[in-house]
Amino acid sequence: MIAVLGLVVGIVLGLVLRPDVPVSLDPYLPIAVVAALDAVFGGLRAYLDGIFDDKVFVISFVSNVVIASGIVFLGDKLGVGGQLATGVIVVLGIRIFSNVAAIRRHLFHA
């Protein structure tokens, strides 16, 4: 219940305050969002499997975002940011779809 309340408060604050993302962080925002979604779906899968741990979830959430953004940052510095961003999106996308498939199997017992 606290998590849902936090989500609602965060959405309302985002809509009211309308924060701006600095232009220098624009390339990293989509990567960070996809990395965060990977952690969220992984946490939901773990919850349904009965092995959810809030500490592991928070560490996974933060580390996914930092590592994915760091890989793209390193790629930008090496001149191959677009290719590494695509690679990160593909890998995280595969993980997200894998977790969603497991969640679907768990919910529908298929």
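In this short talk I will go from the overall layout of the protein to its first helix, and then to a few residues and aromatic pairs.

Please keep in mind throughout that this is a predicted model. The protein has 4 helices and 0 strands, and from the N terminus on, its elements run α-α-α-α. If we take the principal axes as our frame, the C-alpha atoms fill a box of roughly 45 × 35 × 25 Å. Of the 110 residues in the protein, 23% are buried, and the accessible surface comes to about 7900 Å², with 75% of that surface belonging to carbon and sulfur atoms. As for contacts with a separation of 6 or more, 73% of them are accounted for by residues 24 or more positions apart.

Let me turn to helix α1, which covers residues 2-17. How far apart should the ends of α1 be, given its 16 residues? At 1.5 Å a residue the expected span is 22 Å, and the end C-alpha atoms are indeed 22 Å apart, so the two values agree. This helix is hardly covered, in the sense that the count of buried residues among its 16 residues is 0. Leu5, which has its place in α1, counts as exposed because its relative accessibility is 54%, where the cut-off for exposed is over 50%. Leu5 also belongs to a nonpolar surface patch of about 740 Å², which is made by Val4, Leu5, Val8, Val9, Val12, Leu13, Val16 and Leu17.

What follows α1 in the chain? The helix is followed by Arg18, a residue other than glycine whose phi is nevertheless positive, near 45°. Arg18 lies in the loop between α1 and α2, the latter being residues 29-49, and because its relative accessibility is 62%, Arg18 counts as exposed.

That same loop, between α1 and α2, also holds Tyr28, and this brings me to the aromatic rings, for which the count comes to 3 aromatic pairs. In one of them, the rings of Tyr28 and Phe73 have their centres 6.2 Å apart and their planes at 55°, so the pair is tilted. Since Tyr28 lies in the loop and Phe73 in helix α3, the pair ties together parts that are 45 residues apart in sequence. The two partners can be described separately: Tyr28 is buried, with a relative accessible area of 14%, whereas Phe73 is partly exposed, at 40%.

Another pair is made by Phe57 and Phe61, whose ring centres are 6.0 Å apart and whose planes stand at 45°, so this pair is tilted. Here both residues lie in helix α3, 4 residues apart, which is about one turn of the helix. Phe57 counts as partly exposed at 25% relative accessibility, and Phe61 is partly exposed with a relative accessible area of 30%. Together with Phe52, these two residues form one aromatic cluster.

Finally, I would like to stay with helix α3, residues 54-78, for a look at Ser69. Is Ser69 buried or exposed? It counts as buried, because its relative accessibility is 15% and the cut-off for buried is under 20%. Which residues does Ser69 touch, if we leave out those up to four places away in sequence? Ser69 touches Tyr28, Ile31 and Ala32, and among them Tyr28 is the residue that we have already met as the ring partner of Phe73.

Methods:
Residues numbered from 1 in each chain as written. Predicted model: local features only at pLDDT ≥ 70, side-chain atom pairs only at ≥ 80, totals over all residues. Heavy atoms only, no water. Patch = residues over 30% accessible without salt bridge, like charges linked within 9 Å, V, L, I, M, F, W, Y side chains within 5 Å. Areas by Shrake-Rupley, 256 points an atom, 1.4 Å probe, with all protein chains shown as cover. Salt bridge = Lys/Arg side-chain N within 4 Å of Asp/Glu carboxyl O. Helix = DSSP H or I, 4+ residues; strand = E, 2+ residues; numbered from the N terminus. Buried < 20%, exposed > 50% of the residue type's maximum accessible area, 1.4 Å probe, protein only. Expected span 1.5 Å × (residues − 1). Contact = heavy atoms within 4.5 Å. Phe/Tyr/Trp six-rings, centres within 6.5 Å; stacked < 30°, edge-to-face > 60°.
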